[in-house]
Amino acid sequence: GRAPRFHRKFTQLQDGAGAPSSSIRVMQWNILAQALGEGLDSFVQCPPEALSWSRRKYLILEEILTYRPHILCLQEVDHYYDTLQPVLAGLGYSSNFCPKPWSPCLDVEGNNGPDGCALFYDESRFEFLDSVNLQLSAMRIPTNQVAVVTMLRCRSSGRCVCVAVTHLKARSGWEWLRSAQGSDLLRHLQALVQKHAHDSAGAQTLDIPLFICGDFNAIPTEEVYRRYAASPLGLDSAYKRLSEDGSTEPEYTTWKIRPTGECCATLDYIWYSRDTLRVDAVLDMPTEEQIGPNRLPSFSYPSDHLSLVCDFSFKEKE
Ligand code: NDP
Ligand code: CA
């Protein structure tokens, strides 16, 4: 059967005065690798038919097209070349993909190749400047986690943005590795924006707005989260703005049932430069009732992670 899609609403923020024409919509989503969902994940309450690629691919594309983000950051992409890249290219998106060096998908029989991070952007809104694929290091040793970093120029305002997408190491016991990987990404970003600021004739480093989207596999009390919140790059996590006090992360961005039990946690984030960008709107999270007793994925929703969608605008220069 086919259950109805979640109906989610945007919360418009009070201070969100940005004209809609100038807003930048950003989506962060771990779409669940096809090979992992069917092979290694063991979502015990999810009917196997809900996990077939023939069903999931339409739900994934429907979710993306419902919100039509200008910048789309995805993790666990193992159908880039045969599905997402060609379909989204036809809809006006350019993209970059970085596969994981030793993707766990490759251990699954009948896999469709390695999973990785993919970064898509609306070509009508942004001009391509530069992109790098990074293998994240920990204590100078390369790890199995990657990032894509793309530098873009907004066609209407002429302003540059630097966008990063990453997927840090999963599971408990690896908090130190996530922290090292997160720090390595911050180091790369600092160097990249410095280089670009230099290239564009003396602009201040902190003037290049950053978006860092990812499945950090870390709850908000973890070291990697605290490092991002305290980074000299001046980052803030956009989804905090959904809370009453404006400073609390949502209760969950993933909710699933494995043989080991239920996992309901906030692991996914959209970080942005708080000095140069303003959050105008945040897409709310589906309720527990909407998600249902069997949690995710389901016939209603193709991934165990929920999409995060926010509208941003540039802050005026002071
Ligand atoms: P991670 O531990 O980061 O996890 C990989 C995927 O598994 C993630 O997409 C994660 O999803 C998902 N996952 C998390 N928790 C569970 C769970 N409890 N049960 C099932 N799946 C889960 O993987 P690595 O990148 O470190 O790679 C792990 C595998 O890769 C190894 O098992 C090995 O086969 C291979 N490998 C091989 C190497 C080599 O030298 N040949 C080196 C390194 C890895 P989510 O993020 O949504 O939680
Ligand atoms: Ca996963």
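**A walk through the predicted model**

Lys 240 sits in the loop that runs between strand 10 (235-237) and strand 11 (254-258). Before going further, please keep in mind that what you see here is a predicted model.

Is Lys 240 buried or exposed? With a relative accessible area of 17%, Lys 240 is buried, because anything under 20% counts as such. If you would like to see what surrounds this lysine, set aside the residues up to four places away in sequence: Lys 240 then touches Tyr 225, Gly 246, Ser 247, Thr 248 and Glu 249.

Now let us step back and look at the whole chain. The protein chain is built with six helices and 15 strands. Its radius of gyration is 19 Å, close to the 20 Å that the globule rule gives for 318 residues, so the chain is as compact as a globular protein of that length. Taken along the principal axes, the box filled by its C-alpha atoms is roughly 55 × 45 × 40 Å.

How much of the chain is buried? Of the 318 residues in the protein chain, 57% are buried. The contacts tell us about the fold as well: among those in the protein chain with a separation of 6 or more, 75% are between residues 24 or more positions apart.

Turning to the outside, the accessible surface of the protein chain comes to about 13700 Å², and carbon and sulfur atoms account for 51% of that surface. The chain carries 31 positive and 39 negative charges, and the mean positions of these two sets are 3 Å apart.

Ser 303 makes a good next stop. You can find Ser 303 in the loop between helix 6 (288-291) and strand 15 (308-314). This serine counts as buried, at 0% relative accessibility. Which residues is Ser 303 in contact with, leaving aside its neighbours within four places in sequence? They are Trp 29, Asn 30, Ile 31, Leu 32, Leu 296 and Pro 297. Take Asn 30 from that list: Ser 303 and Asn 30 are 273 residues apart along the chain, yet their C-alpha atoms are separated by 7.3 Å.

Our last stop is a metal ion. What coordinates the calcium ion (ligand 2)? The calcium ion is coordinated by Glu 76, which appears twice as a donor through OE, at 2.2 to 3.2 Å. To place this glutamate in the fold, look at strand 3 (residues 71-77), where Glu 76 lies.

Note on methods:
Residues numbered from 1 in each chain as written. Chains lettered and ligands numbered in written order. Predicted model: local features only at pLDDT ≥ 70, side-chain atom pairs only at ≥ 80, totals over all residues. Heavy atoms only, no water. Helix = DSSP H or I, 4+ residues; strand = E, 2+ residues; numbered from the N terminus. Rg over C-alpha atoms; globule rule 2.2 N^0.38 Å. Buried < 20%, exposed > 50% of the residue type's maximum accessible area, 1.4 Å probe, protein only. Contact = heavy atoms within 4.5 Å. Areas by Shrake-Rupley, 256 points an atom, 1.4 Å probe, with all protein chains shown as cover. Lys, Arg positive; Asp, Glu negative; His and termini not counted. Charge placed at Lys NZ, Arg CZ, Asp CG, Glu CD. Donors = N, O, S within 2.8 Å, 3.2 Å for Na, K, Ca; no water.
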